[in-house]
Amino acid sequence: MVEKLRLMAVHAHPDDESSKGAATMARYVAEGHEVMVVTCTGGEAGSILNPKLADRADVLENMGEVRRAEMARAAEILGIQHRWLGFVDSGLPEGDPLPPLPEGCFALTPLEESVPPLVKVIREFRPHVIVTYDENGGYPHPDHIRCHEVSVAAWDAAGDPDMYPEAGEPWQPLKLYYSHGFSRAKLLAFHEAMIARGEESPYAEWLAGWDADKPDVIERVTTRVECADYFPVRDEALKAHATQIDPDSRWFAVPLEMQREVWPTEEYELARSLVDSTLPEDDLFAGVREKVTA
């Protein structure tokens with residue numbers, strides 16, 4: 001009998017959960033564990049990134065409502081629980097100089113306002129493991145960086161009875177991870193596999209523009225979770241976010257059988273741990289299983 005464990009993933013926008021660690025979550029759900037995704041914002045400031053919906057003015061005018069429905073469908077596909085924190089999408093500022101962020105958005109919300117709601121959800125769900133972004137946000141979107149800051153602060157506060165007592169009984173998660181989905185090593189592996197197969201690589205331009213002096217995030221990875229059997233579930237969850245994902249895009253250019261062979265894992269960095277585990281790991285619950293079942 002497998003002891004039921006609990007995993008929480010904290011993300012900035014709807015669709016982030018499906019592009020970052022979705023196969024891992026689907027695996028743990030299939031193994032009988034509880035998984036919850038917490039989405040900090042509603043994605044209201046998002047654009048329509050799927051050209052097949054580009055002329056749908058009704059969708060753009062109701063982006064928040066549409067993305068809530070997309071998130072519900074993705075959660076159903078993944079078999080996860082889901083909570084909204086209720087903050088407003090900051091958007092991705094563009095231009096030189098960058099324009100100011102909109103007043104009241106998530107990235108500008110003080111931590112003393114944005115941390116307690118997440119602490120409350122942590123204390124209610126009582127996760128053993130939390131996954132979020134690193135200090136760079138995975139990429140420098142202001143909401144992703146703020147998601148990191150809020151998640152780390154909430155991980156620290158959730159077990160402290162003196163912090164936010166109104167948020168419920170203290171609960172101390174045992175491990176905190178950063179998700180690392182987009183490494184140069186991974187893209188290069190797929191690129192070379194596609195070329196060897198005599199097919200056009202969808203990553204040639206991306207790799208050509210990669211800053212060779214920038215360290216590859218793969219060097220920070222401590223944990224690789226085998227989850228290739230759940231890549232089809234991940235892809236269906238991604239497609240549920242129809243406004244954000246073009247089903248004919250490079251997200252789906254590498255055949256699933258090649259993905260299983262070339263790169264069958266999803267990658268994480270162990271950032272905090274209150275249990276003993278040996279690095280490198282192949283399980284987000286490594287060390288937790290032993291402590292919980294002891």
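Helix α7 is followed by Gly198, a residue whose phi is positive, near 80°, in what is a predicted model throughout. The helix itself covers residues 184–196, and because 13 residues at 1.5 Å a residue should span 18 Å, the separation of 18 Å between its end C-alpha atoms agrees with that expectation. Its buried residues are Lys186, Leu187, Ala189, Phe190, His191, Ala193 and Met194, and these pack against three other elements, namely α8 (204–208), α10 (256–262) and β7 (265–273).

From this helix we can turn to the strands. β1 and β2 pair in the parallel sense over 6 bridges, and within this pairing Arg6 has Glu34 of β2 as its bridge partner. On to β3, which runs parallel to β2 and is joined to β2 by 5 bridges; here the bridge partner of Val38 is Arg83 in β3. Of the 8 residues of β2, 7 are buried, so this strand is largely enclosed by the rest of the structure.

These strands also take part in the largest nonpolar core, which has 28 residues and in which Met8, Leu118 and Ile122 are the residues with the most contacts. At least two residues of this core are supplied by each of β1 (6–11), β2 (34–41), β3 (81–87), α5 (111–125), α6 (142–158) and β5 (175–179), while the largest share, 7 residues, comes from α6. Apart from this core lies another, of 27 residues, which includes Met25, Ala74, Ala75 and Val275. To see the surroundings of one residue of the largest core, take Met8: leaving aside neighbours within four places in sequence, Met8 is in contact with Met36 and Val38, with Leu118, Val121, Ile122 and Phe125, and with Pro127, Val129, Ile130 and Val131.

Helix α6 also holds His144, one of the residues that UniProt, in an unreviewed entry, lists under "binding site" together with His13 and Asp16. Although these residues are spread over 132 residues of sequence, they cluster in space, with a largest C-alpha distance of 9.7 Å. His13 is found in the loop between β1 and α1 (16–19), and because its relative accessible area is 6%, under the 20% cut-off, His13 counts as buried. His144 is buried as well, with a relative accessible area of 0%.

The contacts of these two histidines, not counting residues up to four places away in sequence, fill in the picture. His13 touches Thr39, Thr41, Gly43, Arg67, Asp89, His141, Asp143 and His144. His144, for its part, touches Ala12, His13, Asp16, Lys20, Tyr133, Gly137 and Tyr139, so that its contacts include both of the other listed positions, His13 and Asp16.

Beyond α6, in the loop that leads from this helix to β5, is Asp160. Unlike a buried residue, which would have to fall under 20%, Asp160 has a relative accessibility of 28% and therefore counts as partly exposed. Leaving aside neighbours within four places in sequence, Asp160 is in contact with Arg123 and Pro170. The C-alpha atoms of Asp160 and Trp171 are separated by 7.8 Å, with the two residues 11 residues apart along the chain.

How values were computed:
Residues numbered from 1 in each chain as written. Predicted model: local features only at pLDDT ≥ 70, side-chain atom pairs only at ≥ 80, totals over all residues. Heavy atoms only, no water. Helix = DSSP H or I, 4+ residues; strand = E, 2+ residues; numbered from the N terminus. Expected span 1.5 Å × (residues − 1). Buried < 20%, exposed > 50% of the residue type's maximum accessible area, 1.4 Å probe, protein only. Contact = heavy atoms within 4.5 Å. Core = buried A, V, L, I, M, F, W, Y, C linked by side-chain atoms within 4.5 Å. UniProt positions renumbered as here; feature names shortened; annotations may be inferred. Pairing = 2+ DSSP bridges.
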